[in-house]
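User: Please take a close look at one part of this model and describe how it is arranged. Keep the terms plain and give their cut-offs.

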Amino acid sequence: LHLYDTARREVRELELREPGKVSIYLCGPTVYAPAHLGHGRATLTYDILRRYLEWSGLDVHLVSNINDIEDKIIERAQREDRPWQDITTKCERMWFKAMDGISVERPDETPRATEWVEQMVDLIRELIQAGAAYTTDDGVYMSVESVPDYGLLAFQSLDEMRAGGGDREVHGADLKRHPADFVLWKVSKPGEPAWPSPWGDGRPGWHSECVVMSLELLGEGFDLHCGGQDLRFPHHENERAQAVALGKRFANHWMHNGFVVDAEGEKMSKSIGNVSNLLDLIDNYDPRAYRLVLLQSHYRSPVKLGQANIDQAVASLAGLDAFASRTAAVDGADPDDDVIAAFRAAMDDDLDTPKATALLFDTVR
């Protein structure tokens, strides 16, 4: 199997740490709102990959986290005058309802950020001791200048980041030594959730949780780190930076899927208000239609989702279902080795599901 490696910017063989076994970390949801179509694309992309790996005879260990402490959660809780735990519990339940609705297999492990705060505190302490992080009045920041190749996944050097303004995160901007330095620990304000730490009661920054979870549950040098293209920078770069600063081997291979775009070609996101609720799609259409639309698009390409391609997928599914019904009584047919070989060749070529899906329809015809 050859996959595009974002860090190397080339398609290369997925080299396994342990023969016959694949260790995968997939960045999971921040549970502050319902799952949208972009979330569905990410989880379906890696569900397709996982199912192919398992069909190929490999033992897959998939870890995908639940981010249940983050600024967006706190902001919504304050805006709606609700306990933040009420929001995360309900949104997590909705998340798995949506994932079950589109038939995404559950991860082997789903660690929650709030269950790993102590380990994140230990990680931050190590980074400070290594000279890779520094304390300020409002918390702790990572010094990106301590990481020689910082910017690998951003495709930018530190000098280019400085010229472009670096990480524009408002929090602590006047306290940073470098514009791209990012927060590891935030001292909490009154009324905000807080955990104890040597730097004051507060909460971890977003970028540390996946570092401790992936290294603890999958071990150093795990095979594959996955997520949407929007996570490539700063989130994944900042995860990698922390591991590198401590001399730890992090992900061997980085994989990122493309965006879902609306009719005007805009990336679907909550911030610009064009997000479609995944549960709405499940309630109104055969949920397999979304999977088929994605199978007919390469995982790295943007997908324009609209009424036309959903309707076409529904019609295509009807044809496949009719074929399955007509041939249900057929027993003992030998598989066509040429078809199976062509299918493997397509999937092994950077998960070329459009070619594999075309093969399916050609074979049915």
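Analyst: The part described here is helix α6 and the loop before it. This is a predicted model, in which local features need pLDDT of at least 70 and side-chain atom pairs count only at pLDDT 80 or more, while totals for chains, interfaces and linings use all residues. Residues are numbered from 1 along each chain as its sequence is written, and side-chain values use heavy atoms, leaving out hydrogens and water.

Helix α6 covers residues 209-218 and packs with helix α4, residues 117-129 (helices are DSSP runs of H or I, at least four residues, and strands are runs of E, at least two, numbered from the N terminus). Their axes are 9 Å apart, at an angle of about 100 degrees (axes are lines fitted to C-alpha atoms over the stretch in contact, and angles run from 0 to 180 degrees between N-to-C directions). That angle makes α4 roughly perpendicular to α6 (65 to 115 degrees).

On the α4 side, Gln119, Met120 and Leu123 make the contact; from α6 come Glu209, Val211 and Val212 (contact means heavy atoms within 4.5 Å). By class, four of these residues are nonpolar, one is polar and one is charged (Val, Leu and Met are among the nonpolar, Glu is among the charged, and Gln is polar).

Tryptophan 206 lies in the loop between β8 (202-204) and α6. Its relative accessible area is 30%, so tryptophan 206 is partly exposed (buried is under 20%, exposed over 50%, partly exposed in between, with a 1.4 Å probe and protein chains only). Leaving aside residues up to four places away in sequence, tryptophan 206 touches Asn67, Leu231 and His235. Asparagine 238 is 32 residues from tryptophan 206 in sequence, and 9.5 Å from it in space, C-alpha to C-alpha.

Note on methods. Angles under 35 degrees count as roughly parallel, over 145 as roughly antiparallel, 65 to 115 as roughly perpendicular and the rest as oblique.
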